[in-house]
Amino acid sequence: MNAPSANRRRACWLKTLHEWHWVSAALCLIGMVLFSVTGFTLNHAGSIEAKPKVSSRTGAIDDAQRARLMRQLPSVKANKGKAELPQELQAWVQKQWAIDTAGREAEWSDDEIYLSLPRPGGDAWLRLSLADGEIEYERTDRGWLSYFNDLHKGRNTGAAWSWFIDLFAAAALIFSVTGLFILKMHAGNRPFTWPVVGMGLVLPVLLALMFIH
């Protein structure tokens with residue numbers, strides 16, 4: 001292959017790699033910032049003070065609704081004691097406290113219905129006493145820092161955020177691999193390229209072998 005043809009082929013590959021590189025970089029830029037910052041805050045979570053805020057509410061359903069729950073209890077217990085709240089009760093909770101419980105399974109027992117409502121940056125739960133129909137709701141908010149840390153971990157974030165993490169990981173992988181090929185194509189004029197890349201591999205390996213036990 002003559003030199004002009006080889007140069008055109010190299011230029012074509014380099015252009016393609018640059019296009020994939022900058023597009024993947026643009027897609028994962030904000031995610032990179034988010035995961036980098038929260039990686040630091042998670043690594044120093046013990047040194048960052050958090051003051052959880054706890055709020056609670058109480059109420060009571062009427063006897064007719066409580067009686068319907070009692071009639072439904074045997075069938076739920078036959079299904080391992082787990083089921084969503086009835087639509088009527090979901091509507092009551094939504095109207096009274098603006099809490100969405102759709103799609104969440106509660107634990108039913110002889111004396112109460114307990115629904116865990118975990119979320120990023122905090123926790124919450126709902127308990128209904130079958131004996132007297134009293135409902136108690138408690139919410140714990142650990143602040144914005146905890147919220148973003150939980151986004152980093154994918155803790156209680158739902159399916160949509162889980163898909164985002166997967167897509168972000170794919171974009172970051174494309175960004176890294178195309179960057180590696182771009183380095184390879186420029187390495188001939190930059191003698192320190194591979195020593196620096198090698199350091200990025202050797203350094204964490206040495207730290208793991210020497211200090212992690």
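**Pocket, cavity and helix packing**

By class, six nonpolar, four polar and five charged residues make up the lining of the largest pocket. The model described here is a predicted one. This pocket encloses about 180 Å³ of space and has 15 lining residues in total, with Ile-48, Ala-50, Leu-145, Ser-146 and Asn-149 lying nearest its centre. Two helices, α1 (3–43) and α4, each contribute at least two residues to the lining. Of the contributing elements, α4 gives the most, with six residues.

Helix α4 itself deserves a closer look. It spans residues 144–153, and its buried residues are Ser-146, Asn-149, Asp-150 and Leu-151. Ser-146 and Asn-149 thus appear both in this buried set and among the residues nearest the centre of the largest pocket. An α-helix has 3.6 residues a turn, so residues three or four places apart point the same way. Just after α4 comes Gly-154, which has a positive phi, near 70°.

Attention can now pass from the pocket to the enclosed space. The structure holds one cavity of 30 Å³ or more, and the space in the largest cavity amounts to about 30 Å³. Its lining consists of Leu-85, Leu-89, Ile-113, Tyr-114, Leu-115, Leu-126, Leu-128 and Ile-135. Strands β4 (112–116) and β5 (122–129) are the elements that give two or more residues to this lining, and β4 provides the largest share, three residues. By class, the cavity lining has eight nonpolar residues, with no polar and no charged ones. The lining of the largest pocket, for its part, includes five charged and four polar residues.

The packing of two further helices completes the picture. Helix α2 (residues 63–78) and helix α3 (residues 87–97) pack with their axes 10 Å apart, at an angle of about 135°. The two helices are therefore oblique to each other, and α2 passes α3 in a left-handed crossing.

Within α3, Gln-87 offers a useful point of reference. What is the relative accessible area of Gln-87? The value is 60%, and because exposed means over 50%, Gln-87 counts as exposed. Along the chain, Gln-87 and Ala-102 are 15 residues apart, while their C-alpha atoms are separated by 8.5 Å. Helix α3, to which Gln-87 belongs, is also the partner of α2 in the oblique pair described above.

Methods:
Residues numbered from 1 in each chain as written. Predicted model: local features only at pLDDT ≥ 70, side-chain atom pairs only at ≥ 80, totals over all residues. Heavy atoms only, no water. Buried < 20%, exposed > 50% of the residue type's maximum accessible area, 1.4 Å probe, protein only. Helix = DSSP H or I, 4+ residues; strand = E, 2+ residues; numbered from the N terminus. 1 Å grid on protein atoms, 1.4 Å probe; cavity = no way out; pocket = protein on both sides within 12 Å on 5 of 7 lines; lining within 4 Å. Points joined across faces, edges and corners; volume = space filled by probe spheres on them. Nonpolar A, V, L, I, M, F, W, Y, C, P; charged D, E, K, R; others polar. Axes fitted to C-alpha atoms, helices over the stretch in contact; angles between N-to-C directions. Parallel < 35°, antiparallel > 145°, perpendicular 65-115°, else oblique. Left-handed = near helix turned anticlockwise from the far one by under 90°.
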